[in-house]
Amino acid sequence: MGSQTSQPLRRKRRAIDWPTAILIVIVGSAASYVYWRDGPAKFLDVVWNDTDLFISMLPKVLAGCLTAAFLAILLPRETINRWVGADSGFKGILVSTFAGVILPGGPFTIFPIAAAFVGMGADIAAAVTLITSWTLIGLNRVVTWEMPFLGFDFVAWRWVVALPLPILAGLFVRAIEKRLKTKASAS
């Protein structure tokens, strides 16, 4: 019974929410403008090229979502809460930073994993730290792209400068969350 009450409530998902509706309006406006300005041939060319891109991305998106779903089942919720939950303190920020450094894959993998961690009990600060770390200092990108093209000196300087940023982002989000909770409990 205690474990049931400690689980965070899952946010209900809608197929069309505000960001999606705004995106649909932007796409519709851009498509209408291209059709009006460049004609139906160019419009159809864009549609077919994007359909091809969408089909090629679909397996990657599916793999990322399935990876996140299976991780949510395989990793114990209590462990996630302890390591990167709201009460994990500075340790949770450091763990999220390290996870962002070592996690391979592209945005199709990392964003579903971050969403799964939040659904399993990680706090928003840990998710922000994970994504910021993966974006700025992920080893996958360093080994594959930066080191061969830009050399060790560039990578070392970039790492030295960027290393504190995910930690600062996580601490900043934690401070905002703490202030909001204090404000909400006072009213």
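A salt bridge is a side-chain nitrogen of Lys or Arg within 4 Å of a carboxyl oxygen of Asp or Glu. The side chains of Arg-158 and Glu-146 meet this description in the present model, which is predicted, with 2.8 Å from N to O. Glu-146 belongs to helix H7, which covers residues 139-162. Its relative accessible area is 10%, so Glu-146 counts as buried. Arg-158, in turn, is partly exposed because its relative accessibility is 22%. With neighbours within four places in sequence set aside, the contacts of Glu-146 are Arg-141, Gly-151, Phe-154, Val-155 and Arg-158. The partner in the salt bridge is therefore found again in this list of contacts.

How many salt bridges does the rule give in this model? The count is 3. Side chains of opposite charge can pair when their charged atoms come close. Asp-123 and Arg-174 make another such pair, at 2.7 Å from N to O. Asp-123 sits in the loop between helix H5 (107-120) and H6, while Arg-174 sits in helix H8 (residues 164-186), so this salt bridge ties together parts that are 51 residues apart in sequence. Are the two partners buried or exposed? Asp-123 has a relative accessibility of 7% and so counts as buried. Arg-174 is also buried, at 14%.

A further salt bridge joins Asp-38 to Arg-37, and here the closest N and O atoms are 3.1 Å apart. Asp-38 is partly exposed, with 35% relative accessibility. Arg-37 has a relative accessible area of 51%, and because the exposed class begins over 50%, this residue counts as exposed.

Attention can now turn to the helices, beginning with H6, which runs over residues 124-137 and holds Thr-129. Thr-129 has 0% relative accessibility and therefore counts as buried. Which residues surround Thr-129, leaving aside its neighbours within four places in sequence? Thr-129 is in contact with Ile-93, Ser-96, Thr-97, Pro-166 and Gly-170. Leu-130 is found in helix H6 as well. At 3% relative accessibility, Leu-130 is buried. Beyond residues up to four places away in sequence, Leu-130 touches Ser-96, Ala-99, Gly-100, Leu-103, Ile-110, Ala-114 and Phe-117. One of these, Ile-110, is 20 residues from Leu-130 in sequence, and the C-alpha atoms of the two are 8.6 Å apart in space. Ser-96 appears among the contacts of Thr-129 and also among those of Leu-130.

Helix H4 spans residues 89-102 and includes Phe-90. With 44% relative accessibility, Phe-90 counts as partly exposed. Phe-90 touches Ile-167, Leu-171 and Arg-174 once residues up to four places away in sequence are not counted. Arg-174 is thus a meeting point in this description: Phe-90 touches it, and Asp-123 forms a salt bridge with it. For Leu-171, the separation from Phe-90 is 81 residues in sequence, yet their C-alpha atoms are 7.9 Å apart in space.

On the scale of the whole chain, the domain assignment gives domain 1 (18-69) and domain 2 (76-185). Their contact takes 7 residues from domain 1 and 5 residues from domain 2. The C-alpha centres of the two domains lie 29 Å apart. The size of an interface is often given as the accessible area lost when the parts come together. For domain 1 and domain 2 this buried area is about 480 Å², and carbon and sulfur atoms give 85% of it. Which three residues supply more of the area that domain 1 buries against domain 2 than any other three? They are Lys-60, Gly-64 and Ala-68, with 61% of that area.

What kinds of residue form the side of domain 1 that touches domain 2? That side divides into 4 nonpolar, 2 polar and 1 charged. Across the interface of the two domains, the rule finds 0 salt bridges. The count of residue pairs in polar contact between domain 1 and domain 2, with both residues at pLDDT 80 or more, is likewise 0.

Methods:
Residues are numbered from 1 along each chain as its sequence is written. This is a predicted model: local features need pLDDT of at least 70, side-chain atom pairs count only at pLDDT 80 or more; totals for chains, interfaces and linings use all residues. Side-chain values use heavy atoms; hydrogens and water are left out. Domain bounds come from an automatic or database domain assignment. Contact means heavy atoms within 4.5 Å. Buried area is the accessible area (1.4 Å probe) that two parts lose on being put together, summed over both. A polar contact is a pair of N or O atoms within 3.5 Å; within protein, one must be able to donate a hydrogen and the other to accept it, and residues adjacent in sequence count only if both atoms are side-chain atoms. Ala, Val, Leu, Ile, Met, Phe, Trp, Tyr, Cys and Pro count as nonpolar, Asp, Glu, Lys and Arg as charged, and the others, Gly among them, as polar. Helices (H or I, at least four residues) and strands (E, at least two) are DSSP runs, numbered from the N terminus. Buried means under 20% relative accessible area, exposed over 50%, partly exposed in between (1.4 Å probe, protein chains only).
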